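Let's practise reading the boundary between two parts of a protein. Keep the structure in view and work through the exercises one step at a time.

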Amino acid sequence: MNFLPDEKFALQLDVEDPLRDFREKFHLPLGKDGQPLIYLAGNSLGLMPKAARQIVEQELDDWAKLAVDAHLGAKTPWYSYHETLREPAARLVGARPNEVICMNSLTVNLHLMMATFYRPTKERFKIFMEEPAFPSDTYAVKSQIAHHGFNPREALVLARPREGELTVRPETIEATLDKHGDEIALVLFAGVNFFTGQLFDIEKITASAQKHGCMVGIDLAHAVGNVPLALHDWNVDFAAWCSYKYLNAGPGAAAGVFVHERHATNRELPRLAGWFGNDPATRFRLHLEPEFVPVRSADAWQISNPPILSMAPLRASLAIFDEAGGMEALRKKSIKLTGYLQFLIEAAGHSKLSVITPRETDARGCQLSIEVHEHPKELFAKLEATGVKCDFREPNVIRAAPTPLYNTFHEVWRFAKILGEHR
Ligand SMILES: *Cc1c(COP(=O)(O)O)cnc(C)c1O
């Protein structure tokens, strides 16, 4: 793509953007000057869809007017509320509808998935992750290892960036699998690393790990709603994600899980059970049915009844993804938007900044992680003061995630201009 560094060019890109009207569907937080912030923090908390308010109010109204009868009599009956999310969520992650369930939050779901898919033995007890992994995932994994009576110091295997590098090379992953593959029970990788923005080759990692007999789980917190996914075809065993980052479903929104069909339909798998994972045919026989009969789908991992108020905004936000034409359409703009940011940073010829996110578009999503070699905190303070919302990771990395649903090329241009003035 041929970019130009001038402001007129940025404005022209916005005019030509087929997704430009989607910004109108979101509430844009305003800065002190009453103007919208340049919001590049969608990797932490996505913006609120305007439709979220009405859809939540509908549930509050149904609660007020119908109370217990809303379970079956609400506009969208609460009893089967989670089913309204199944198909749009499945489209986003490249799954069949019976492979997806929206429930709980991400770390809880990682535990539920590990209860089924991390079944360590004396010979095969290790878990393989990338470094740096998100702390919550590390805590979850270490506690699972200890819960099974193993020592995290022996059982946790990490793929590290090489000395002097910040992202993990694919050959490091392959070499670790070759070396430790027969001791690894579970590979738990991010789709996109939260810190560096590196997008992993999920299909390849899955195939290599499965050749060694490992289970493969993918944490899609930074990948879902960011990059196209094909979990079913890639044969991933399970995946989990949260919905408040790129999915814009609001704080604590119901998260999601993928369980590959070949497991989802297997009633023999060990799992932690609750009544909403039970076959609906017998679910309401309550005390008459003491034996758990799992549904033959990812729903079998659902333990409790659906949290309506944290699912309602997710319905509103998933509808926007469909309306935009799904991940292929969004990814097309995203590659351009992030590529433009990279171009502008490089065009400014900085010696004080470097982008640590991989350059290749198939090795990153929308986020760029920018290492600031001098006075990083001053630069971050300047960004905050001038109405940019991005985030800072110690010791010196600024993460900026231009998202195709609500960010503009002109915002990227203005952001890059402020970076450029940091000399
Ligand atoms: C955001 C994020 C989480 C957050 O976990 P919650 O259980 O939703 O609080 C966990 N893991 C990763 C990789 C994340 O990016």
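**Exercise 1.** Find how much area domain 1 and domain 2 bury between them, and which residues supply much of the share of domain 1.

*Solution.* Start with the total: in this predicted model, domain 1 and domain 2 bury about 1900 Å² between them. Next, look at the atoms: carbon and sulfur account for 64% of that area. Then turn to the side of domain 1, where Met327, Ile356 and Gln367 supply 28% of the area buried against domain 2. No other three residues of domain 1 supply more.

**Exercise 2.** Locate the two domains and work out how many residues each one brings to the contact.

*Solution.* First, mark the domains: domain 1 consists of 7–36 and 326–420, while domain 2 covers 57–322. Now place their C-alpha centres, which lie 29 Å apart. Finally, count the residues with heavy atoms within 4.5 Å across the boundary: domain 1 gives 27 and domain 2 gives 19.

**Exercise 3.** Decide how many salt bridges and how many polar contact pairs cross the interface, then describe the side of domain 1.

*Solution.* Begin with salt bridges: the rule finds 0 between domain 1 and domain 2. Polar contacts come next, with 8 residue pairs, both residues at pLDDT 80 or more. On the side of domain 1, the elements giving two or more residues are α14 (326–347), β10 (368–372) and β13 (397–400). Of these, α14 makes the largest contribution, with 5 residues. Last, sort the residues on this side by type: 12 are nonpolar, 6 polar and 9 charged.

Terms used: Residues numbered from 1 in each chain as written. Predicted model: local features only at pLDDT ≥ 70, side-chain atom pairs only at ≥ 80, totals over all residues. Heavy atoms only, no water. Domains from an automatic or database assignment. Buried area = accessible area lost by both parts, 1.4 Å probe. Salt bridge = Lys/Arg side-chain N within 4 Å of Asp/Glu carboxyl O. Polar contact = N/O pair within 3.5 Å; in protein donor to acceptor, adjacent residues only side chain to side chain. Helix = DSSP H or I, 4+ residues; strand = E, 2+ residues; numbered from the N terminus. Nonpolar A, V, L, I, M, F, W, Y, C, P; charged D, E, K, R; others polar.
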